[in-house]
Every structure is written in C-alpha cells, then in structure tokens.
Amino acid sequence: MDFEVDETEMAGERPVKPTYTLYWAPGTASLAPLAILEEVGVPYALVRIDTRAGEHRGAAYRKVHPYGKVPAMLLPDGRPLFESAAICLHLGEAYPQCGLVPESRNHDRARLYQWMLFLAGTLYASYHRWYHAEQYIAGEAEQAALKARTEEMLIEQWAVVEAQSARREWLVGNRFSVADIYLATIAAWHPDQADFARRFPESQAIAEAVAERPAWQRAAALHEAS
Ligand SMILES: N[C@@H](CCC(=O)N[C@@H](CS)C(=O)NCC(=O)O)C(=O)O
C-alpha cells in the first residue's frame with residue numbers, strides 16, 4: 001500500500017521541496033510536531049494515515065513506525081523517527097535559533113525533558129486508557145471502572161503540572177517551548193474542557209496562550225478541517 005504524499009506547501013510562501021514528512025491523523029498528537037514545524041518554518045510534506053481503515057497497521061506504514069502508531073516522521077535524510085515527544089524535542093533541538101528548547105547546558109533543558117516525558121508518558125497514557133478502555137480490559141463494567149479511576153488519575157496528574165505552572169507564563173523557564181505546545185495538545189483531549197479550565201487555570205492559561213500563536217492556529221486548522 002502506498003501513501004499519498006501531500007506536498008502542498010504548508011509552510012507559507014516558501015517554494016522549497018519538503019524536507020520532513022509528517023505522518024499524521026486528526027485527533028492525535030501529530031498536532032504537536034505539526035505546530036512545531038509551523039513555528040520553525042521549515043518546509044514539510046504531510047501524509048495522512050487513515051487509522052479507521054487500519055492503514056497504520058499495514059506493512060508499508062510499519063516501515064516508518066514499527067509499532068503502527070501515529071505520529072511518525074521522516075527526517076530530511078529519510079530516516080524515520082517515532083514517538084511524538086521525541087519528534088517534538090528533536091525538531092526543537094534541530095533549530096536552536098527558534099528558541100523552542102532551552103540551551104543544552106541550562107538546567108531548564110533538564111526540566112524540559114522532565115515535562116515532555118511526564119506529559120507524553122503519564123498524561124498521554126492516561127488519556128489513551130480513558131478513550132480506549134476496551135484495549136485494556138474486557139467487559140463493560142470493568143471498562144467503566146477503569147475509566148472512572150483514570151479520570152481520578154488525570155486530575156492527580158494535571159495537579160502536578162498545575163503546581164509547576166502556577167504564577168508562570170510558560171511551563172519551562174518562563175519562556176515558550178515545545179513543552180507548551182505539547183501541553184496544549186494534550187489538554188485539548190480532556191473530556192470536560194470546562195472542568196479542566198476550572199480546576200487547572202494555570203495550565204489552561206498556557207494552552208490558551210499557545211492557541212493564540214499563528215503557527216498553532218495553522219496546524220490546528222489542518223487537524224480540525226479533516
Ligand atoms: N507514545 C506514542 C503514542 C502514539 C499513539 O498511541 N497514537 C495513537 C493515536 S493518539 C494511535 O496511533 N492509535 C491507533 C491504534 O493504536 O490503533 C506517541 O506519543 O507517539
């Protein structure tokens with residue numbers, strides 16, 4: 001099975017050949033690397049993966065993502081990279097002039113890794129369990145119980161982020177970074193957005209600040225239009 005590569009110039013007016021290829025699907029964490037590509041302003045191509053049709057499980061896609069998940073990315077040299085947080089961190093580090101990651105010798109860089117892994121490994125995993133309880137346990141009652149417990153865990157986990165963001169404009173070192181983009185991506189998955197805003201006003205403020213950025217808006221428009 002071959003994928004249709006959309007070489008539409010997504011990065012503004014630059015008439016250049018794409019260097020990155022992002023494999024994406026609506027409603028997934030591909031929004032985060034897409035927003036970062038837009039922030040950085042490098043040319044890229046998009047390949048939409050039809051997860052409903054099971055395209056992500058096919059042999060062709062598994063050459064890009066061996067575990068068959070979205071997102072994944074081909075780097076300019078053609079090598080694949082998967083795990084949304086790794087893609088975000090790599091893009092941020094590849095363009096230090098854009099300031100999306102703190103300097104490598106700065107302690108804030110360590111904090112950035114901490115929050116990216118917490119968001120991706122802990123919160124993302126909880127949302128996955130909440131939305132796809134059937135992948136974790138059989139039986140309707142068991143799934144309902146798992147979801148209820150996961151909702152409690154989500155509250156506990158966001159409280160950790162919230163305590164860190166209190167009185168700070170951004171999550172890491174008081175400057176915008178890939179962690180804020182990742183936070184906004186994950187926060188949008190919360191099943192009750194009003195409750196989220198009420199419980200976690202600082203995290204909500206970060207998500208809203210990210211949503212004001214033109215790069216985010218271009219990326220979100222693509223995700224939402226699909
Ligand atoms: N840890 C991975 C998780 C990727 C993941 O679970 N992606 C979901 C979409 S949010 C997916 O591909 N689901 C399709 C499936 O599992 O069938 C990442 O951050 O990239």
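**Entry 1: H128**

I began by fixing my terms: a residue is buried if 20 or more other C-beta atoms lie within 10 Å of its own, exposed if 12 or fewer, and partly exposed in between. I was working from a predicted model throughout, and I read every value below with that in mind. H128 has 15 C-beta neighbours inside 10 Å, and therefore I entered H128 as partly exposed. I then looked up where H128 sits in the fold and found it in helix α4, which covers residues 107-131. I also checked H128 against T150, a residue 22 places away along the chain, and the C-alpha atoms of the two are separated by 9.7 Å.

**Entry 2: the chain as a whole**

I next went through the secondary structure and noted 9 helices and 4 strands in the protein chain. Following the sequence from its start, I wrote down the pattern β-α-β-α-β-β-α-α-α-α-α-α-α. The radius of gyration is 18 Å, close to the 17 Å that the globule rule gives for 226 residues, so I recorded the protein chain as being as compact as a globular protein of that length. Along its principal axes, the C-alpha trace spans about 50 × 45 × 30 Å. I looked up burial for the chain too, and buried residues make up 36% of the 226 residues. For contacts between residues at least 6 apart in sequence, I noted that 65% join residues at least 24 apart.

**Entry 3: two domains and their contact**

The domain assignment that I consulted gives domain 1 (20-99) and domain 2 (107-214). I noted that the C-alpha centres of domain 1 and domain 2 lie 20 Å apart. The contact takes 11 residues from domain 1 and 10 residues from domain 2. On the side of domain 1 that touches domain 2, the elements giving two or more residues are α1 (31-40) and α3. Of these, α3 gives the most, with 5 residues. I sorted that side of domain 1 by class and entered 8 nonpolar, 3 polar and no charged residues.

**Entry 4: the nonpolar core**

Which residues have the most contacts inside the largest nonpolar core? I found that they are C88, M116, Y182 and L183, in a core of 59 residues. Helix α6 (residues 178-187) supplies the largest share of this core, 8 residues. I also noted that the core draws at least three residues from each of domain 1 and domain 2. I then followed M116 outward, leaving aside residues up to four places away in sequence, and found that M116 touches A85, C88, L89, A179 and Y182.

**Entry 5: the ligand shell**

I finished with the ligand, which is surrounded by 13 residues, the closest being T28, K69, V70, E83 and S84. By class, I counted the shell as 6 nonpolar, 5 polar and 2 charged residues. Helices α3 (84-94) and α4 each supply at least two residues of this shell, and the largest share, 3 residues, comes from α4. From which domains does the shell around the ligand draw at least three residues each? I entered domain 1 (20-99) and domain 2 (107-214).

Methods:
Residues are numbered from 1 along each chain as its sequence is written. This is a predicted model: local features need pLDDT of at least 70, side-chain atom pairs count only at pLDDT 80 or more; totals for chains, interfaces and linings use all residues. The radius of gyration is taken over C-alpha atoms; the globule rule is 2.2 Å times the number of residues to the power 0.38. Two residues are in contact if their C-beta atoms, placed from the backbone, lie within 7 Å. A residue is near a molecule or strand if its C-beta atom, placed from the backbone, lies within 6 Å of it. Ala, Val, Leu, Ile, Met, Phe, Trp, Tyr, Cys and Pro count as nonpolar, Asp, Glu, Lys and Arg as charged, and the others, Gly among them, as polar. Domain bounds come from an automatic or database domain assignment. A nonpolar core is a set of buried Ala, Val, Leu, Ile, Met, Phe, Trp, Tyr and Cys residues joined through C-beta atoms within 7 Å.
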